[in-house]
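Let's walk through a model together, one feature at a time. Bring your questions.

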Amino acid sequence: MIVIVIFFLGVIVGTICKRYHKVFAFSEILTSVSLYLLLLFLGISIGDNSEIVSNMTQIGLKGFLFAIAASLGSILLILPLYLIFPKKDK
Amino acid sequence: MANSLKLLLIFVVGVFVGILCLCPPFLNIEKISEYLLYLLVFGIGITISRSEGILKIIKTHHLKLFLLPLMITLGSLLGSVVMGLFYSDISLKHSLGLGAGLGYYSLSSLMISQYGFKEISAIALISNIVREISTLILAPVMIKYFGRFSPIASAGATSMDTTLAVIIKYTNKENAVISMFNGVTLSIIVPLLITFIYEF
């Protein structure tokens with residue numbers, strides 16, 4: 001829940017500071033640095049867990065299959081929308 | 001694609017550091033990660049606020065535009081739940097969590113990790129990166145068989161940035177606007193949905 005609050009706090013701060021481009025440059029650095037560190041730490045906490053490491057091929061396979069299932073589900077459910085949205089060509 | 005592979009590489013380096021126990025024990029990774037996640041979502045919030053013109057897009061295109069992210073979200077959740085039926089070790093909650101990533105691999109996997117589910121978090125990371133990469137590679141094929149919205153659907157949240165290039169390339173400008181709108185909407189839905197799934 002805290003994540004949601006902070007997320008919208010960011011949206012509000014960004015909206016207020018719309019004119020100051022430095023804020024966006026700063027947030028870009030903030031997000032990429034924290035993202036790199038977080039993924040590194042996620043990797044470390046997984047590598048540190050021997051049970052998960054021995055399951056790595058299964059995890060990879062599951063990731064792949066869930067990707068296909070979710071993508072396919074989304075693609076199939078948008079098909080009826082072609083009836084609502086008029087076709088526009090280039 | 002280069003960016004997602006770079007991020008995947010950082011993750012893999014982390015895994016090896018973890019396996020080799022190279023990490024200094026005085027670092028409390030869990031605690032640091034919690035605060036880093038707050039910094040990350042704060043920055044993401046600022047970045048999203050920058051994608052103005054959303055209101056303009058809704059005005060010119062009609063509210064029915066929301067049907068696209070709505071159906072994409074429902075489809076992902078449904079697809080994941082069906083896949084989860086084949087795995088006795090993945091509960092309904094985690095199936096929903098995996099589907100709720102909507103291609104937003106960094107935020108979804110890091111949030112799931114923060115709830116303490118490391119293995120599901122790793123699956124979410126890989127699964128959502130695969131969504132991005134497969135969209136980049138298969139976009140022309142998808143459009144041929146499932147129409148101009150299909151790469152937007154398979155990409156999910158990344159349809160506003162990393163996969164937007166191929167979507168523009170193989171469809172048209174009108175579709176690109178829809179794609180961006182969809183990406184921003186899904187990026188807001190992902191943290192809401194994952195919080196909802198894991199806290200309620």
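**Reading the model**

Q: Before anything else, what is the mean pLDDT of chain A?
A: This is a predicted model, so confidence comes first. Chain A has a mean pLDDT of 90, with 96% of its residues at 70 or more. Within chain A, helix α3 (residues 50-54) has the lowest confidence, a mean of 89, while helix α4 (residues 56-78) has the highest, at 97.

Q: OK, how many residues of chain A are in contact with chain B?
A: In general, the size of an interface is often given as the accessible area lost when the parts come together. Here we have residue counts: 60 residues of chain A contact 73 of chain B. The chain A side breaks down into 40 nonpolar, 16 polar and four charged residues, and α2(A) gives the most, with 19.

Q: And at what angle do α2(A) and α2(B) cross?
A: Two packed helices are described by the angle between their axes and the distance between the axes. For helix α2 (residues 21-47) of chain A and helix α2 (residues 29-50) of chain B, the axes come within 8 Å and cross at roughly 145 degrees. The crossing is left-handed. As for the residues in this contact, 16 are nonpolar, seven polar and one charged.

Q: Which residues have the most contacts inside the largest nonpolar core?
A: That core has 73 residues, and the best-connected ones include Leu38(A), Ile78(A) and Val41(B). Helix α7 (residues 118-146) of chain B contributes the largest share, 10 residues. Beyond its sequence neighbours within four places, Leu38(A) touches Ser33(B), Leu36(B), Leu37(B), Leu40(B) and Leu110(B).

How values were computed: Residues numbered from 1 in each chain as written. Chains lettered and ligands numbered in written order. Predicted model: local features only at pLDDT ≥ 70, side-chain atom pairs only at ≥ 80, totals over all residues. Core = buried A, V, L, I, M, F, W, Y, C linked by C-beta atoms within 7 Å. Buried ≥ 20, exposed ≤ 12 C-beta atoms within 10 Å, placed from the backbone. Helix = DSSP H or I, 4+ residues; strand = E, 2+ residues; numbered from the N terminus. Contact = placed C-beta atoms within 7 Å. pLDDT = per-residue confidence, 0-100. Axes fitted to C-alpha atoms, helices over the stretch in contact; angles between N-to-C directions. Left-handed = near helix turned anticlockwise from the far one by under 90°. Nonpolar A, V, L, I, M, F, W, Y, C, P; charged D, E, K, R; others polar.
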